[in-house]
Structures are given as structure tokens and as C-alpha cells.
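Me: I should like a close look at one part of this structure, a packed pair of elements. Please set out its geometry and contacts, and then continue to the surroundings of the ligand in one connected account.

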Amino acid sequence: MNDRSSSLPVIRKMVPSDLDRIVEIDIKVLGKPRPEYWEAKLDLLGKRSQISPLVAQLDGLVVGFIIGGASRWEYGVPENIGWIDTIGVDPDYQRKGVAKILFTHMAHDLKKTGIDTITTFVKRRDPVLLKFFNRLGFQKGDMVNLELDI
Ligand SMILES: CC(C)(COP(=O)(O)OP(=O)(O)OC[C@H]1O[C@@H](n2cnc3c(N)ncnc32)[C@H](O)[C@@H]1OP(=O)(O)O)[C@@H](O)C(=O)NCCC(=O)NCCS
């Protein structure tokens, strides 16, 4: 892929210097700053995860990111299952296929580690994320999340 193209993003591994831009995008999509959260998360991912988080870059600017993981039997989840932890695209660059390309690369990386099923959590009332994942072919899985207010 060509970084100078205005339509096709370059997908590459996330590096520590992407932090500021990730925080910026996160604020734009979620509306609240949480730099410490991201700093800790990227630090942990760098040390522990065998699946690299990815960013999408358009004309040199990071416009989106995806973080995924592969199970090692955590929470009783078998090791053929991977997940999408977080995905975000700068609203100024949405609806251009950026998230879809990020997901395609992440799915490819997960598959290489032996993953054959990908799972993710989406809020019932988040129509955009639901539509996005449905469009990729995701369907309701077997797991149900349980909650208790304490
Ligand atoms: C969901 C999100 C990642 C999609 O990013 P994107 O780059 O705009 O998505 P794509 O352009 O790759 O869209 C692929 C398909 O998903 C669906 N889709 C994406 N955004 C949509 C929207 N706003 N409304 C309806 N469908 C949508 C469409 O079917 C789209 O295909 P089309 O454009 O050919 O119709 C982006 O909207 C986002 O970052 N939202 C906030 C995410 C968030 O809350 N993350 C934190 C928790 S994980």
C-alpha cells in the first residue's frame, strides 16, 4: 500500500510515539480524555500481547487504530478465540473503509496465531458499532455478559 494515496490507508504496528494521536482520536470518538489509561494500556500491550495493535495512516497522519488479542484460556475462553478489544477512527476520516481495512489486517494477524473465531463486546444501544460489526459478518455469539451492581 502507498502512504501517499489519499484513499488507501497504510496499516502498520502501533508504536509508543502514536500515543498522542490515539488519545486525540479517543477524545473525538468518546468525548473524554484518558491519557493515563492509554499510556498504561500501550505499555502493557508492548510487554504482554503477541498480537500487535495496529494503526491506519493516511497521508502521514494516524487516523484510526485497532487493538486485538488472542486467548490463552482466559475466562474459560478457548485458545482458538481472539477478540477485538478497541477500534476507533477519527470522525473526520470515517466512512472511508479505514476501520474495515484495520479489521482485515487484525483478522489476518489473529489467524496466523491459530485463531479461527473472533469475538467482541458491543453495547446493545450502539447502532454504529453494531452495524459496523454486522457488516463485517459478526453475529450474536454463545457468550452472555453478566453484571451485578455492588
Ligand atoms: C465504528 C467505527 C470504527 C467505523 O469506522 P469507519 O472507518 O467509519 O468504518 P468503515 O468506513 O470501515 O465502515 C465499514 C462499514 O461499517 C458500516 N458503518 C460504519 N460506520 C457506520 C455508521 N456511522 N452508520 C452506519 N453504518 C456504518 C457500514 O456498513 C460501512 O460500510 P459502507 O460505508 O460501505 O456502508 C467508527 O465509527 C468509530 O470509531 N466509532 C467509535 C468507536 C468506539 O466507540 N470505539 C470504542 C469502543 S470499541
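Reply: In this predicted model, helices α1 and α2 cross with right-handed geometry. By class, 6 nonpolar and 2 charged residues make up the contact of α1 with α2, and no polar residue takes part. Helix α1 covers residues 19-30 and helix α2 covers residues 35-48. Their axes come within 10 Å and cross at roughly 130°. An angle from 115 to 145 degrees is neither roughly perpendicular nor roughly antiparallel, and α1 and α2 are therefore oblique to each other.

The residues involved can be named on each side. Helix α1 contributes Leu19, Ile22, Val23 and Asp26, and these meet Pro35, Trp38, Glu39 and Leu42 of α2.

A link from this region to a distant part of the chain is provided by Pro91. Pro91 lies in the loop between β4 and α3 and touches Lys28 and Val29, leaving aside residues up to four places away in sequence. Pro91 and Lys28 are 63 residues apart along the chain, yet 7.0 Å separates their C-alpha atoms. Exposure here is a matter of counting: a residue with 12 or fewer C-beta neighbours within 10 Å is exposed. Pro91 has 11 such neighbours inside 10 Å and therefore counts as exposed.

On the other side of that loop, helix α3 holds Phe103. The cut-off for a buried residue is 20 or more C-beta atoms within 10 Å; Phe103 has 21 neighbours inside 10 Å and so counts as buried. Beyond residues up to four places away in sequence, Phe103 touches Ile66, Ile87 and Leu136. Phe103 and Asp90 are 13 residues apart in sequence, with 15 Å between their C-alpha atoms.

The account now turns to the ligand. Of the 17 residues around the ligand, Gln94, Ala99, Lys100, Lys131 and Arg135 come nearest. Two or more residues of this shell are given by each of β4 (81-89), α3 (98-112) and α4 (127-136). Helix α4 supplies the largest share, with 5 residues. By class, the shell divides into 8 nonpolar, 4 polar and 5 charged residues.

To connect these parts, the loop between β4 and α3 carries Pro91, which touches Lys28 and Val29, while β4 and α3 are among the elements that give two or more residues to the shell around the ligand.

Conventions
Residues are numbered from 1 along each chain as its sequence is written. This is a predicted model: local features need pLDDT of at least 70, side-chain atom pairs count only at pLDDT 80 or more; totals for chains, interfaces and linings use all residues. Axes are lines fitted to C-alpha atoms, for helices over the stretch in contact, and angles run from 0 to 180 degrees between N-to-C directions. Helices (H or I, at least four residues) and strands (E, at least two) are DSSP runs, numbered from the N terminus. Angles under 35 degrees count as roughly parallel, over 145 as roughly antiparallel, 65 to 115 as roughly perpendicular and the rest as oblique. A crossing is left-handed if the near helix is turned anticlockwise from the far one by less than a right angle, and right-handed if clockwise. Two residues are in contact if their C-beta atoms, placed from the backbone, lie within 7 Å. Ala, Val, Leu, Ile, Met, Phe, Trp, Tyr, Cys and Pro count as nonpolar, Asp, Glu, Lys and Arg as charged, and the others, Gly among them, as polar. A residue is near a molecule or strand if its C-beta atom, placed from the backbone, lies within 6 Å of it.
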